[in-house]
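Got your viewer open? Let's take a walk through this one together, one selection at a time.

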Amino acid sequence: MKSSLFNMVTVLLCITAVTSAAVGAVYYVTAEPIEIAKGQKKASALAQVLPPFDNAPAQQVDTVAVDGGQALVYTATMAGEPVGYAVESAAAGFAGDIRLMVGFDTQGAIRNIRVLEQGETPGLGAKVAEEGNPVEVSFVGKSPADLKMAVRKDGGDIDAITASTISSRAYVQAVSRAYAAYLEVSGGAAEEWDTSSGATHHAAEADAENDKGDSL
């Protein structure tokens, strides 16, 4: 009896050791290619959301604290002058973080948006990664400062993806955080931007006054 139990335990330990070693080996082999692929995707996203530039934005990065997390701001220049900013930011979606690269011109208008990472439901929330999706279209060419930063279901100006409200809300939140980081680096009034609602404090106060007047 003891011999059989000992043998079973020994076999299980050997199997566990071999499996762990195999997993470690796979990770070691795939880690570098995965990082290279991520780097290439980021470089492609930078090229798609920024205007023409003659510097290396990926090497000119500012880390900005936003909502208890961090956003990365890449500054694009031409002849030494800023021509645009790309901001990498994220927000929690239905199945994990949705990470975006949001491109701004020097006036704060959004040039383009690309999804870097997402794990949303295929055929539903995953549509946030499709170019030309309704949420993206609601933003491109506009400044967040001129928008009510919420999906229409919540009283905002942003079109949501059908049956994917949570994913769409996360996308809006990530853009709002990106705008806060853009303001911080470009010299805008970052302290007045409320990333939870997407409205500046002044605009929120004005809305509150309007609501108060309507109720009287």
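In which helix is Leu 5 found? Select Leu 5 and you'll land in helix H1, which covers residues 2-49. Before going further, keep in mind that this is a predicted model.

**Stop 1: a nonpolar patch**

Keep Leu 5 selected and add Met 8, Val 9 and Leu 13. Together these four residues make a nonpolar patch on the surface, with an area of about 400 Å². Show the surface here if your viewer can do that.

**Stop 2: the whole chain**

Now zoom out and color by secondary structure. You should find 4 helices and 5 strands. Starting from the N terminus, follow the elements in the order α-β-β-β-β-β-α-α-α. The chain has 216 residues, and 36% of them count as buried. Its accessible surface comes to about 12100 Å², with 57% of that belonging to carbon and sulfur atoms. How about contacts along the chain? Take those between residues at least 6 apart in sequence: 48% of them join residues at least 24 apart.

**Stop 3: a salt-bridge network**

Time for some charges. Side chains of opposite charge can pair when their charged atoms come close. The count here comes to 7 salt bridges, and we'll visit some of them.

Select Glu 88 and Lys 42, and show their side chains. They meet in a salt bridge, 3.1 Å from N to O. This pair ties together distant parts of the chain: Glu 88 is in strand S3 (residues 81-93), Lys 42 is in helix H1, and they are 46 residues apart.

Leave Glu 88 on and add Arg 99. These two side chains also meet in a salt bridge, at 3.6 Å from N to O. Again the pair links distant parts of the chain, with Glu 88 in strand S3 and Arg 99 in strand S4 (residues 96-104), 11 residues apart. So what you have on screen is a network of salt bridges linking Lys 42, Glu 88 and Arg 99.

Is Glu 88 buried or exposed? Glu 88 counts as buried, because its relative accessibility is 7%, under the 20% cut-off. Its two partners come out another way: Lys 42 is partly exposed, with a relative accessible area of 26%, and Arg 99 is partly exposed at 23%.

**Stop 4: another salt bridge**

Jump to Arg 152 and Asp 159. They form a salt bridge as well, and the closest N and O atoms are 2.5 Å apart. Asp 159 is partly exposed, with a relative accessible area of 31%.

**Stop 5: Asn 133**

For the last stop, select Asn 133. Where is Asn 133 found? Look in the loop between strand S5 (110-117) and helix H2 (134-139). Asn 133 counts as buried, at 4% relative accessibility.

Try the distance tool on its side chain. A polar atom there lies 3.0 Å from the backbone oxygen of Val 128. The backbone nitrogen of Val 135 also lies 3.0 Å from a polar atom of the Asn 133 side chain.

Finally, show the neighbors. Leaving aside residues up to four places away in sequence, Asn 133 touches Lys 127, Val 128, Ile 161 and Tyr 171. Val 128 is thus a familiar name, from the backbone oxygen you just looked at.

Notes: Residues are numbered from 1 along each chain as its sequence is written. This is a predicted model: local features need pLDDT of at least 70, side-chain atom pairs count only at pLDDT 80 or more; totals for chains, interfaces and linings use all residues. Side-chain values use heavy atoms; hydrogens and water are left out. Patches are made of residues with over 30% relative accessible area and no salt bridge: like charges are joined within 9 Å, nonpolar side chains (Val, Leu, Ile, Met, Phe, Trp, Tyr) within 5 Å. Accessible areas come from the Shrake-Rupley method with a 1.4 Å probe; for residues, only the protein chains shown count as cover. Helices (H or I, at least four residues) and strands (E, at least two) are DSSP runs, numbered from the N terminus. Buried means under 20% relative accessible area, exposed over 50%, partly exposed in between (1.4 Å probe, protein chains only). Contact means heavy atoms within 4.5 Å. A polar contact is a pair of N or O atoms within 3.5 Å; within protein, one must be able to donate a hydrogen and the other to accept it, and residues adjacent in sequence count only if both atoms are side-chain atoms.
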